[in-house]
Amino acid sequence: MSGTVAETYAAALQHDIADLPEEAALVGVVRRPTGWFSALVDENRPELGPPESLLSEAKERQEDFRRQGLCDEEAHNAAWGEVDFEARYREHLANGAAAEALSALAERVADGESVALVCFEGDDKRCHRRILDDELRERAAALAE
C-alpha cells in the first residue's frame, strides 16, 4: 500500500486540530451530510455511511439509555453494543454499493493516494469510520501486494 489512510471528525477539521497528512483527500463517510459538512470535505461517499435502519435503531437505543440516566457518550457507546453495530456495519460494507465504494477507495489508496475518512462522531464515541479505516487499510494492502 503506497497511499495512507487516516480518520478524523468534522469538529477537529473546523478547529484545526486534526493531525492528517497534508495531501490527504478528505472523504466524508456520512449517510446524511449537512451543507456545512459537505463544505469541509473534498467528497462524500454516503454509501459508506451506516445504513439508515442501523442508524435509526442505534439512535433509538441511545435515547433509551439517556432516559435511564447515561450521559450522551455512554448512551451512544452502550447502544452500539446493544444493536451489534460493528458486525452489522461490516456486513453492510461487504455488499452492494458499499462494497463497490470501498473497493474503489481501496484502489485509490493502493495506487498511492492518501485519504482521510471524516464523519461527525468525536473521539470519545464509537464510530463506523474506525471500522471503515480497518477495512480500507486491509483491502488496499491486499491490492498493493
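**A walk through the helix packing**

Let's start at A79, which touches A58, R61, Q62 and F65 once residues up to four places away in sequence are left out of the count. Keep in mind as you look around that this is a predicted model. A79 sits in helix 4, and with a relative accessible area of 1% it is buried, because anything under 20% falls in that class. Pick out R61 from its neighbours: 18 residues separate A79 and R61 in sequence, yet their C-alpha atoms are 5.3 Å apart in space. R61 also has a ring to deal with, as it lies over the face of F65, 4.7 Å from the ring centre.

Now zoom out to the helices around that spot. Helix 3 (residues 52–67) packs with helix 4 (residues 72–82) at an angle of about 130°, and the two axes are 8 Å apart. How do helix 3 and helix 4 lie to each other? They are oblique, since about 130° falls between the 115 that ends the roughly perpendicular range and the 145 above which a pair counts as roughly antiparallel. The crossing of helix 3 and helix 4 is right-handed. On the helix 3 side, the contact is made by A58, R61, Q62, F65 and R66, while helix 4 brings D72, A75, H76, A78, A79 and E82.

Carry on past helix 4 and you reach D84, in the loop that leads to helix 5. Its backbone is worth a glance: D84 isn't a glycine, but its phi is positive, at about 55°. With a relative accessible area of 45%, D84 is partly exposed. There's another case at D16, also not a glycine, where phi is positive and near 55°. D16 belongs to the loop between helix 1 (10–14) and strand 2 (25–28). Is D16 buried or exposed? Its relative accessible area is 69%, so D16 counts as exposed.

Next up is helix 7 (128–144), which packs with helix 5 and with helix 6. Helix 5 (residues 85–93) meets helix 7 at an angle of about 45°, with the axes 10 Å apart. That angle makes helix 5 oblique to helix 7, and their crossing is right-handed. The residues in contact are F85, E86, Y89, R90 and L93 from helix 5, and H128, I131, L132, D134, E135 and R139 from helix 7.

Helix 6 (residues 96–110) packs with helix 7 at about 60°, and here the axes are 8 Å apart. This pair is oblique too, and helix 6 passes helix 7 in a right-handed crossing. Look along helix 6 for A99, L102, S103, L105, A106, E107, V109 and A110; they meet L132, E135, L136, R139, A140, L143 and A144 of helix 7.

Last stop: the aromatics. The structure has four aromatic pairs. One of them is F37 with F120, a tilted pair with 4.8 Å between the centres and 55° between the planes. This pair ties together distant parts of the chain, 83 residues apart: F37 is in helix 2 (residues 35–40), and F120 is in the loop between strand 4 (115–119) and helix 7. What about their surroundings? F37 is buried, at 0% relative accessibility, whereas F120 is partly exposed, with a relative accessible area of 34%. Add W36, and W36, F37 and F120 make up one aromatic cluster.

Key:
Residues are numbered from 1 along each chain as its sequence is written. This is a predicted model: local features need pLDDT of at least 70, side-chain atom pairs count only at pLDDT 80 or more; totals for chains, interfaces and linings use all residues. Side-chain values use heavy atoms; hydrogens and water are left out. Rings of Phe, Tyr and Trp (its six-membered ring) pair if their centres lie within 6.5 Å; planes under 30 degrees apart count as stacked, over 60 as edge-to-face and the rest as tilted. Helices (H or I, at least four residues) and strands (E, at least two) are DSSP runs, numbered from the N terminus. Buried means under 20% relative accessible area, exposed over 50%, partly exposed in between (1.4 Å probe, protein chains only). A charge sits over a ring if NZ of Lys or CZ of Arg is within 6 Å of the ring centre and within 35 degrees of the ring normal. Axes are lines fitted to C-alpha atoms, for helices over the stretch in contact, and angles run from 0 to 180 degrees between N-to-C directions. Angles under 35 degrees count as roughly parallel, over 145 as roughly antiparallel, 65 to 115 as roughly perpendicular and the rest as oblique. A crossing is left-handed if the near helix is turned anticlockwise from the far one by less than a right angle, and right-handed if clockwise. Contact means heavy atoms within 4.5 Å.
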